[in-house]
Each structure stands twice: as C-alpha cells, then as structure tokens.
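Please examine the structure shown below. The paragraphs that follow lead through the arrangement of its strands and helices.

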Amino acid sequence: MKKKLLIIVLLLSLITITACGNKKSENNAEESKAQEILDNKTEQKKESKILVIYFSKTGENYNVGTVNVGNTAMMASYIKEYLNADSFEIVPVNKYPDNYKEATEVGKKEQNENARPEIKNKLENLDDYDTIFLGYPIWWGNLPMIVYTFLDTYDLSNKTVIPFNTHEGSGDAGTYTKLKNYLKNEKVNTNGLALTGKNARTDNGKQETIKWLKELGY
C-alpha cells in the first residue's frame, strides 16, 4: 500500500513539474516572438507611413517577474505586427537597473531633477512617417524622463501621435493630455490604450490592442 502511494505521489510531482516547465516555455516563446517582430527588418519595400516608437524596461518588472522583453515592448510588437509598421526603440545610454526597486529609485531621481537621460540610438528617418504610435510605462504618474528626452530631440509637432502605455493601476495617469500639451500638437490622439504589465503579456492583451486599433480605424 505504501509503495503504491509513493508511486502516485511521484507521478503527481512529475505532472506538476512538467506543467510548470511547459508554462515557462510558453512565456519564453511569447517573448521570443515579440522580440523577433520588433527586430525584423521588412524585406519587401513598402509604403509604411506608421512608426511605432517605444521605451520599455527589461529585467524585473512589478507583478510580472524578470523578463527579457519589456511589457511596453510586448504591446509595441502587437501594433507593429498588425499594422505592418516600422519600429524604433528608445534605448538609454545608461541602462536602468534590472532590480525593480533600484530602477524606480533612479526613475524618481530623474523626475525630481527634471533630467533628460541620454538616448543611445538615433532615429534618422522621422520625415518618412506621418503617424507615430508612442509607447511607454507609467513611472511615478508620468512618462519616464527618457521619453521627454526623445520629445525634446525630435519634432513631432506635425505628426499624428497615438500614445499607448503599460501601468500598474494608474491607467494613463493623464499622460495623453500631458503629451498633447507638451508637444503643442492638436493631432495627439488622447484615445490611447493603457494595459497593466501582466495583461500586456497575454493573448488577451494582444486582442485588446488589436480591438483598439480597429476602433481607431486601422
């Protein structure tokens, strides 16, 4: 009897371990697919007038864990794939700490100092696009200061700007209207999309993003 019970316990443990392993593999596959979409260079010449610009943090994220593809980057990949658009990632010269708490402290310090963190890469062909999807996480109720660096560097005053963001309870935190005022651009669409970081990483988040795009007329 004891032998049979031991075999049953071992079988149940094996099933649990296998299920956990499969779940982790699925998450890694989703991240890999999203990164491939964002990195992919379109081979065919196309008349793309839409550019997805985003800043996203990798490493430890609140309520998500440690990831190689950030929450906002996941949203960006859905938009890029659905619209067959181009994309540009805002990459900081000084990478934000992987540790979540340390990263929030850096972000808060930058906000208090109204800092403009330096961007590592350059966008050479902004004039090729008339519509910009702009994505970012909400940090301390605002856009990360590195996004303001981008806004101060490039002229979006004559572009249609459509914001999207990830958050952990604050929605868009009023940043869509803030963007409109900061850019002095009436073509900033304040009907943006805000998803929690956890939701942004799911198929449900992907479908919400596509539904939103359709509501915008795409």
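A useful place to begin is the pairing of Tyr54: its bridge partner in strand S5 is Gly135. The model in which this pair is found is a predicted one. The pair belongs to a longer pairing, in which strand S1, covering residues 50-54, and strand S5, covering residues 131-137, are joined in the parallel sense by five bridges. In general, the strands of a sheet pair through backbone hydrogen bonds, and the pairing may be parallel or antiparallel.

The view may now be widened to the whole sheet. Five strands form an open sheet with parallel pairing, and their order is S4-S1-S5-S6-S7. Strand S4 (86-89) and strand S7 (193-196) are the edge strands, each of which pairs on one side only. From one strand to the next, the twist averages 20°.

At the S7 edge, strands S6 and S7 run parallel and are joined by four bridges. Here His167 stands opposite Thr196 of S7. Where do the side chains of S7 point? They alternate along the strand. Leu193 and Leu195 point to one face and are buried, whereas Ala194 and Thr196 point to the other face and are not buried.

Two helices complete this account. Helix H2, made up of residues 71-83, lies across S1, S4, S5, S6 and S7, and runs at about 140° to S6 (160-167). Helix H7, made up of residues 203-215, lies across S5, S6 and S7, and its direction is at about 175° to that of S7.

Terms used:
Residues are numbered from 1 along each chain as its sequence is written. This is a predicted model: local features need pLDDT of at least 70, side-chain atom pairs count only at pLDDT 80 or more; totals for chains, interfaces and linings use all residues. Side-chain values use heavy atoms; hydrogens and water are left out. Two strands pair if DSSP finds at least two bridges between them. Helices (H or I, at least four residues) and strands (E, at least two) are DSSP runs, numbered from the N terminus. Axes are lines fitted to C-alpha atoms, for helices over the stretch in contact, and angles run from 0 to 180 degrees between N-to-C directions. Contact means heavy atoms within 4.5 Å. Buried means under 20% relative accessible area, exposed over 50%, partly exposed in between (1.4 Å probe, protein chains only).
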